[in-house]
Number of protein chains: 2
Amino acid sequence: MTELPSWRPGPTRDRLLAFLDEASHLPVERRIAVLDNDGTMWCEKPRYIQLDFMVDQLRSAVAKAPTIAGRTEYAAVLSGDPQRVAEVGLPAIALALAELGAGLEPEVFADLVREFVFTTRHPTLETPYASVVYQPMLELLQTLRARGFTPFVVTGGGTEFVRAVSRRLYGIPPERVVGTLIGYELSTGEHGPVLRRTGELFGALNEGPAKIETIQRFIGRRPILAVGNTAGDADMLAYTSAGPGPSLGVVITHDDDVREFAYGGAAASFEAAVPFEQQVQEAGWLAVSMRTDWSTVFRAAGPEEL
Amino acid sequence: MTELPSWRPGPTRDRLLAFLDEASHLPVERRIAVLDNDGTMWCEKPRYIQLDFMVDQLRSAVAKAPTIAGRTEYAAVLSGDPQRVAEVGLPAIALALAELGAGLEPEVFADLVREFVFTTRHPTLETPYASVVYQPMLELLQTLRARGFTPFVVTGGGTEFVRAVSRRLYGIPPERVVGTLIGYELSTGEHGPVLRRTGELFGALNEGPAKIETIQRFIGRRPILAVGNTAGDADMLAYTSAGPGPSLGVVITHDDDVREFAYGGAAASFEAAVPFEQQVQEAGWLAVSMRTDWSTVFRAAGPEEL
């Protein structure tokens, strides 16, 4: 079978495969790949799927306690008005929404995430969320595994949100996903210690330079392949490129407003000094055009996802 | 070949194997095992091997800058006087020693660890450090892998210290080791971002209840098998036992002063409300007697470790 069947023949696919061939000669412990999640593994427009989940949780919470809808951050996101959202700021809204999970045991939270992701349809693409995963990226994962790579998802999203679905969506086990971390608190229950989510982050939002620290903290070594799509991934890409020996930075360019969405590489929660497109060019990273380089964008919906 | 050949036939080995048989019927994603490191995977007496390493680093540092030997924590540990060490306190000494790694890139630090562990002999056992690994635990790892378990090391020691040697000593890759975390700082070098260790911890010392949070943060789910040897492991054992379905807590008892050392389950850096031995008994964890249950204690030294 041909490798990467949804990647159109051409210089992008050639360079990617040439790097993978070269990397196959490195010791297996160096074959580490890190992949951003939103906009790299699955669709992040019209807004992050995790944000859709959180707003769904907010609506349930408001149904039980209507007064909370008046909180500035909640009112902004419930209004659906992009200007109000921008005024309050996405990071502030995300932090306020994260509080909705406070008190939940991680297993219960993961069940809520799975229920949402595997039963809800994407708001504009008319397909289940489980089907807005990029088929060419699933093929890349398959190719990486066949060549002895260990792939990790390094996301700006919530670690527990992505972990809840990573095995079913990508075949990546929970311990190979790291993102923004939530705090925990321990208490003693009938059967022993009980761990519950708090409403506060543990450490920084996992974007920009934080991704480099996270990689060392969780994976313990420098990757040789990094894939991202916004300025929030630039540091992770640069760190990967700065290592000794062969390495490749890959950037997914969202330029297909027919099959997906067309937008640039600015990060929602991270200010970059230079435009991301300029960074990509200066660093020599491999820019992948969704329109030109991918013959298929989304995975086919399996009946189990509907 | 017989499983667990260095585990003597009897009720301990029987109960361990009965649990592993039972666990083989669980979904593979639930077959998570967590293993403490010092005193569980390798010898922790007469003092932690990481402490030996840090004192070695301290001696090198003192040779370059003799005045630092006057610092209270350093003077205590250099004196070799257990009473002075106890007065200053092991956690305070360990924190002061951790500062010696400040400014090092993680790869450089890992090389220093490997050089020390693989070229130094244990101070009293007259054998290389690489050979004070418990042979029965290596066999347990092999049995776990054969039954589809994913084993993780969850240590109170430094994450980067244990990761540097985990693959060679245990066959466990760096990302499956988590312990006490160190801080990082980023700067920009000639080739891109440069990550260096700071002298300060990131988060708490990974002992006691901290191990539960660490397990959720890194592994993302509750283990069904936990192995430890001191009160610093009690919370991890209790959390494992508190899960739904089959689980097993295993406690290595150091009762063999002929082949190893004889000492109780008090933790060096963690105060327990009740004696650990009492906790083990009340919880029904499987107490493994090194003297009675293990026919061999240490792995045979391979020529590559000498």
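Let us start at a single pair of side chains: B:Glu175 and A:Arg221 meet in a salt bridge, 2.7 Å from N to O. The term stands here for a side-chain nitrogen of Lys or Arg within 4 Å of a carboxyl oxygen of Asp or Glu. By this rule, four salt bridges cross the interface of chain B and chain A.

A word on what you are looking at: this is a predicted model, in which local features need pLDDT of at least 70 and side-chain atom pairs count only at pLDDT 80 or more, while totals for chains, interfaces and linings use all residues. Residues are numbered from 1 along each chain as its sequence is written, chains are lettered from A and ligands numbered from 1 in the order in which they are written, and side-chain values use heavy atoms, with hydrogens and water left out.

Now widen the view to the whole interface. The contact (heavy atoms within 4.5 Å) takes 35 residues from chain B and 35 residues from chain A. Between them the two chains bury about 3200 Å², 57% of it on carbon and sulfur atoms; this buried area is the accessible area (1.4 Å probe) that two parts lose on being put together, summed over both. B:Glu175, which we have already met, joins B:Pro193 and B:Arg217 in supplying 21% of the area that chain B buries against chain A, more than any other three residues.

Polar contacts also link the chains, with a count of 10 residue pairs, both at pLDDT 80 or more. Such a contact is a pair of N or O atoms within 3.5 Å; within protein, one must be able to donate a hydrogen and the other to accept it, and residues adjacent in sequence count only if both atoms are side-chain atoms. Several elements of chain B each supply at least two residues to the side that touches chain A, among them helix 6 (106–117), strand 3 (177–188) and helix 10 (234–241). Helix 9 of chain B gives the most to that side, with five residues. Helices (H or I, at least four residues) and strands (E, at least two) are DSSP runs, numbered from the N terminus.

How are the two copies related? A rotation of 180 degrees with 0.0 Å of shift along its axis superposes chain B on chain A, with an RMSD of 0.0 Å. That is the relation of a two-fold axis. Of the residues of chain B, B:Phe218 comes closest to this rotation axis, with its C-alpha at 3.6 Å. The copies meet through the same surface, because 100% of the interface residues of chain B are also interface residues in chain A.

Turning to the inside of chain A, helix 5 (residues 90–98) has A:Leu90, A:Ile93, A:Ala96, A:Leu97 and A:Ala98 as its buried residues, buried meaning under 20% relative accessible area, exposed over 50% and partly exposed in between (1.4 Å probe, protein chains only). Their cover includes helix 2 (49–64), helix 3 (72–79) and strand 4 (192–202) of chain A.

Finally, some backbone details. Most residues other than glycine have a negative phi, and most peptide bonds are trans. A cis peptide bond, with omega about 0 degrees, joins A:Lys45 and A:Pro46, and A:Pro46 is found in the loop between strand 1 (32–35) and helix 2 of chain A. In chain B, a cis peptide bond joins B:Lys45 and B:Pro46. Positive phi values appear at A:Leu4, near 45 degrees, and at A:Glu126, near 60 degrees. A:Leu4 is buried, with a relative accessible area of 1%, whereas A:Glu126 is exposed, at 57%.

Note on methods:
Copies are superposed by least squares on the C-alpha atoms of residues with pLDDT of at least 70 in both.
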